[in-house]
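Where does a protein leave room for other molecules, and what surrounds that room? The explanation below follows the open and enclosed spaces of one structure in turn.

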Amino acid sequence: MKTITKRDGIKTITKHYIDGAFVESHGRETMDIISPTSGTLMGRVTLGDQEDTRRAIAAAKRAFAAYGRSTRDERAQILRRLHAAASARIDDLTAAMVEEYGGVVQFAGLIVQSGVNAFLAAEKALQELPLTHSWGKTTVTLEPVGVAGLITAWNANALFICLKLASAVAAGCTVVIKPSELSSLQTAVLIEALHEANLPKGLLNVVSGLGNVVGAELVRNPDVAKISFTGSVAVGEKIMRDGAETMKRVTLELGGKSPTILLDDAALDQAIPSALVMAFLNSGQACAAGTRLLVPQSRLDAVKRAIVDAMPAFPVGDPADPKTAIGPMVSHKQYERVQSYIRKGIEEGAEILVGGEGHPEGFEAGCFLKPTVFINVKNDMTIAQEEIFGPVLCVIAYDSEEEAIRIANDSKYGLHAAVLGTDLQRARRVASQIRAGRVVINGMTDDPQAPWGGFKYSGVGREYGRYGIDAFLEPRAILES
Ligand code: NAD
């Protein structure tokens, strides 16, 4: 069944996925989907309301009665079926991410692939996870927490949905997903794909809609035991507050202002391109983007030259072009937000090394902007403290290793960090002093079994591997006398 219909070149989505079927929305409000690349109308989505959400929660609750008692093997089988179903549509999923979000195709492909792989990674973690532990007359089992509400952000839709769904399914939970309203087309393609996995009815439910309507209902509904959320700190705080009334378990994957520490023995010809890749990841719209580059004062001039030399490898352009490194921002609102931070940086006395305000020449129609590198940045400036969520890099000078570590940790966030240097022992020593959920050494890398999540305002809890599954489990002890 097709969820996306096409009329006059406009794609229309009017259905949610509830109890194993595509059903017409009860909510009647609609939202336009605007292409970030051309600025033109490309689709329209009908937004779900409280009633749609309650129907989805009720379906998930019915399904939990059986699925909550599933065996490890049954869950593993379902994860393999989900992987096969998603794998069959990788090209369509990538195309949707490029079209609706403006994700550059070279990165969108990787994101989609990580999402698809999440099902097999969760299966591996599940096989290795001890679900029962006994000693004497005591037996502890890890039980699924119940119906889970999964609320996601717009910058890597397929990855967030697959990752959360995989962990929840591995734990024996049933789910209601509230994708970002800016990801409706991408979600429709993904759910069409996952429908082919022939899941038990009600295990997977998806309601498109606004955060303060569909998301809020998930957060306050007593039949939802757990919320796994990816998004902003402001909404994360609200979920924690509002969820307290029904004692919600929460996993919050929030923002970042990640430091990249360039040590004084780093080889600049490798370290600077690597630092820029991390800064401009996903066109800068990445929670893990390395947006503060800490460099030794003694090498500042050489670093500036190396940045200018490396910039041609990061061209702005049509996201569908495989050569493009930086695409448009997801929306006009996001474009304006990044512009306001660039203005703020100038006002606060930082100096522009590359980029600046406005559209790059020839890209006036969509939400394109100039990748921007600020120098002479002090860590207490707004642009060094707040998450901009665009391709804006702050270069901050330091005098000693201790100062670099202090600056790196002088942030309300603690999601991700990087250390670049030739002496590996030293890089490890520095990495071990960073207050962040993940620290990479000498370049961006991933391990789907390693935990992902933040210290401080970057969130609560972890995703990925056994850590992600744990977040959907409750221990139960049975004691015999
Ligand atoms: P957002 O917080 O505005 O929205 C995220 C989701 O929450 C959306 O689906 C939205 O509809 C929903 N929502 C909004 N109000 C709600 C409410 N009252 N109750 C329940 N749900 C509600 O975030 P965004 O703009 O979509 O995403 C960007 C943010 O996400 C950035 O801060 C970024 O760092 C963060 N992010 C974090 C990670 C991570 O893994 N830590 C990954 C990607 C993005």
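The largest pocket has a volume of about 1,200 Å³. The model in which this pocket is found is a predicted one. Its lining consists of 41 residues, and those nearest the centre of the pocket are Trp 154, Phe 229, Gly 231, Ser 232 and Val 235. Four elements, namely α7, β12, α8 and α11 (332-347), give two or more residues to the lining of this pocket. In chemical terms, the lining of the largest pocket comprises 18 nonpolar, twelve polar and eleven charged residues.

This pocket is also where the ligand sits. Among the elements, α7 (211-220), β12 (226-230) and α8 (233-243) give two or more residues to the shell around the ligand. The largest share of that shell, three residues, is supplied by α7. There are 27 residues around the ligand, and Thr 152, Lys 178, Glu 181, Ser 232 and Glu 387 come nearest. The shell around the ligand is made up of 13 nonpolar, nine polar and five charged residues.

Polar contacts can be followed from individual side chains to the ligand. A polar side-chain atom of Lys 178 is found 2.6 Å from an oxygen atom of the ligand. For Glu 181, the separation between an N or O atom of the side chain and a ligand oxygen atom is 2.7 Å. Trp 154 likewise has a side-chain N or O atom that is 2.9 Å from an oxygen atom of the ligand. How much of the ligand does the protein bury? Taken alone, the ligand exposes 850 Å², and the protein buries 88% of that area.

The second largest pocket has a volume of about 740 Å³. Of the 34 residues in its lining, Phe 107, Ile 111, Leu 281, Ala 286 and Met 444 are the closest to the centre. At least two residues of this lining come from each of α4, α5 and α9 (268-279). The element that gives the most is α4, with five residues. By class, the lining of the second largest pocket holds 22 nonpolar, eight polar and four charged residues.

Enclosed spaces complete the account. Rolling a probe the size of a water molecule over the atoms shows where empty space is left. The structure holds six cavities of 30 Å³ or more. The largest cavity has a volume of about 100 Å³. Its lining includes Thr 3, Ile 13, Lys 15, His 16, Tyr 17 and Phe 22, together with residues such as Ser 184, Thr 187, Ala 188 and Ile 191. Two elements, β3 (15-18) and α6 (184-195), give two or more residues to the lining of the largest cavity. The largest share, four residues, comes from α6. The lining of the largest cavity divides into six nonpolar residues, five polar residues and one charged residue.

The second largest cavity has a volume of about 70 Å³. Among the residues that line this cavity are Ala 118, Ala 121, Ala 122, Leu 163, Ala 166 and Ser 167, and also Pro 448, Tyr 464, Gly 465 and Ile 469. Here α4 (105-128), α5 (157-171) and α15 (465-470) each supply at least two residues of the lining. Eight residues of the lining of the second largest cavity are nonpolar and two are polar, while no charged residue is present.

Conventions: Residues are numbered from 1 along each chain as its sequence is written. This is a predicted model: local features need pLDDT of at least 70, side-chain atom pairs count only at pLDDT 80 or more; totals for chains, interfaces and linings use all residues. Side-chain values use heavy atoms; hydrogens and water are left out. A residue is near a molecule or strand if one of its heavy atoms lies within 4 Å of it. A polar contact is a pair of N or O atoms within 3.5 Å; within protein, one must be able to donate a hydrogen and the other to accept it, and residues adjacent in sequence count only if both atoms are side-chain atoms. Accessible areas come from the Shrake-Rupley method with a 1.4 Å probe; for residues, only the protein chains shown count as cover. On a 1 Å grid over the protein atoms alone, a cavity is a set of points where a 1.4 Å probe fits but cannot get out, and a pocket is an open set with protein on both sides within 12 Å along at least five of seven lines; lining residues have an atom within 4 Å of a point. A molecule sits in a cavity or pocket if more than half of its atoms lie within 2 Å of its grid points. Ala, Val, Leu, Ile, Met, Phe, Trp, Tyr, Cys and Pro count as nonpolar, Asp, Glu, Lys and Arg as charged, and the others, Gly among them, as polar. Grid points are joined across faces, edges and corners, and a volume is the space filled by probe spheres set on the points.
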